[in-house]
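Trainee: I have a few questions about how the labels in this model are assigned. Could we go through them together?

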Amino acid sequence: METLESELTCPICLELFEDPLLLPCAHSLCFNCAHRILVSHCSTSKPLESISAFQCPTCRYVITLNHRGLEGLKRNVTLQNIIDRFQKASLSGPNSPTESRRLQPQRPYTATISGTIAGTIGGGGGGGGTSGSSARGSPATSSHSHPHANHANHANHGNHTNHTNHTNHTNANHSPAVVAKMDPRISCQFCEQDPPREAVKTCVTCEVSYCDRCLRATHPNKKPFTGHRLVEPVPDTHIRGLTCLEHENEKVNMYCLVDDQLICALCKLVGRHRDHQQTLENNLTNLVKRNSELENQMAKLIQICQQVEVNTAMHEAKLVEECDELVEIIRQRKQVIAVKIKESKVMKLRKLAQQIANCRQCLERSSALITQAEQSLKENDHARFLQTARNVAERVAMATASSQVLIPDVNLNEAFDNFALDFSREKKILEALDYLTAPSPPSIRDELCTASHDTITVHWTSEDEFSVTSYELQYTIYTGQTNFISLYNSADSWMIVPNIKQNHYTVHGLQSGTRYIFFVKAINQAGSRNSEPARLKTNSQPFKLDPKTAHKKLRLSNDCLTMEKDESSLKKSHTPERFSGTGSYGAAGNVFIDSGGHYWEVLLGASTWYAIGVAYKSAPKNEWSGKNSSSWVFSRCNNNFMVRHDGKEMLVEASLQLRRLGVLLDYDNNSLTFYDAMNSQHIHTFEVSFLLPVVPTFMIWNKSVMILSGLPVPDFVDGVASDLQEQQQQQMGLCRQESPYLTGMKTCH
């Protein structure tokens, strides 16, 4: 019957359903309880008629209402009939547990609330302290109630009821502790006598205090009463005086752990606590997810442990196999060397045995001759003695003379000099047996590296050369980035040369006059290590003077590296490439440059009137270089130094002792720079956006000059270039009429 009663109880009022509604989610709800839910959603701006939906308190399914509101929902007639029959059956006998419940006060608290009260009052019996702990361990907003059979409805009528109500009214403004102090005697609420006996226990489940007799009558030691919670007597206001602070006349039956507050069912459904359960559900979902992640992580760790075991067994087996192979090699070599020793022993003993036999044979002959000689000496017959003595004497003389032949030469050595054993190196190797490690980083030897205009030969050394399987050379164009590690990790244009077996390598096809960054990687089965970066640069593009471009009044040397003003040299034929204008005594190089950085020098000698620079192929050949937009030159006219482009000139400072002019053409970075090469000083830089290939040009009006090409870019150029980036020269824009040396230039003309 109790199980059936719990199925017939409304989740809001915790009473038997009254006029139940059948919700679309198949759950049921009292009509009045549903109306209270709608009322709780009302506000000044939102009247009751405008509410069109609410949530099922059991499953949170959203119930949509039509224009009729709650009247549009179906009545659960079947459930109402079952409740009516259940109530009739409950009235069949006064001793039935159901009848006892009907006579008891209704709306019991949940186990959470009961435990909280018991823990608060600190009463004994029935496990009140344990219940208090359970309240804290319950969900944040508990929605589960535990109805039990209640008894002693008599306590709610007559004088006993009035007495209780009077006590509550009198102490309405006092705390429960004060009430207990003012009226320490608690009467039984089940006794029919007047005055009632003193209570000995309070049933938190029934919300009634009992004397000893009534307690035995109403709570026999059998189910379901063994589940009731009994504490020391508590005033009735401690139990039944707890109502919701937000919803009038609603008893609290839950405890919200988020706000540490007692709440009612409406608080959970429509009040500010309704999201706390969702928070708990979210936290629970996150916890479940976290647990799943931990389980997956633990599974991975277990798998890794298993793999460690497998790998350990594999490596141990490999170690045993390798060591067994070493032992087998040593055993085989031992047998081979032992066989050699035995063979040498046999050979030596064979020769020694032969010599011993020869010695024995010679000894026997000598002994026989000595015996014969002694017998001859003992002969008394002179005639007989003379007859034998001569023969014996000849034989003794012959034996004495041939003693070297008779005595064998023992020339064999008992020592085995050819079998000297020295395994010290092998012992050191065996003592150092260990797992292979990555090789030490190689070191690039800058002093051994060489370069041409399009090749660089890189040399390096390695401390543990024997453990290196191969080398790998990596290189890229140096962009000026000082953080080599960042450059190594970020550069996407690295060129790689793999599987190098030597300690050097020549890279071909490089740009002329260009700086490169090189790394060398030493590789073996255990890993690889990189060298420190090295900055190496190719030489400039070598070139000579092109005879086809030289002015007819210029004479070139046989190697086309020197040009000299010669008025008598008139035998050159006219070509479109040749400088031909009056006073345009020039020549061009035999190379056109369209990329990279190139440096060359001009030995000026005693010349005091010259113009040196670069020009496009289309630059006019019948006028001075620099007087058009296709050429850029540095020029000297007696004691004046200037730079010229597009007919505009600007004075620059230079030493009158300038004897070697350095020219740096950085085509990729759009610059043309002139230097005093002897003093490592910067003279001027043109900032030019080159559009076409350029050719070196040279003009002289007296003496001679000599060119040196294919040179590496000097180190001092880097420092000067850095300074120029911070301090830009003033832009070329001075008109020729504004030049302070205009008169001097007219004299030069």
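Trainee: What makes E24 and E25 a pair, and in which sense do they pair?

Mentor: Happy to explain! Two strands pair if DSSP finds at least two bridges between them. E24 and E25 have seven bridges, in the antiparallel sense, so they meet that definition. One of the bridges links Ala-611 to its partner Ser-635 in E25. Strands here are DSSP runs of E with at least two residues, numbered from the N terminus. Bear in mind that this is a predicted model, where local features need pLDDT of at least 70, side-chain atom pairs count only at pLDDT 80 or more, and totals for chains, interfaces and linings use all residues. Residues are numbered from 1 along each chain as its sequence is written, and side-chain values use heavy atoms, leaving out hydrogens and water.

Trainee: Why is Ser-625 called buried?

Mentor: Buried means under 20% relative accessible area (1.4 Å probe, protein chains only). Ser-625 has 6% relative accessibility, so it counts as buried. This residue is in the loop between E24 (609-616) and E25 (631-637).

Trainee: What does Ser-625 touch?

Mentor: Contact means heavy atoms within 4.5 Å. Leaving aside residues up to four places away in sequence, its partners include Phe-579, Arg-644 and Met-699, along with Ser-631 and Val-633 of the following strand.

Trainee: How do you know that E25 is largely enclosed?

Mentor: Seven of its seven residues are buried, so the rest of the structure largely encloses E25. Both faces are covered, with Val-633 among the buried residues on one side and Trp-632 among those on the other.

Methods. Buried means under 20% relative accessible area, exposed over 50%, partly exposed in between (1.4 Å probe, protein chains only).
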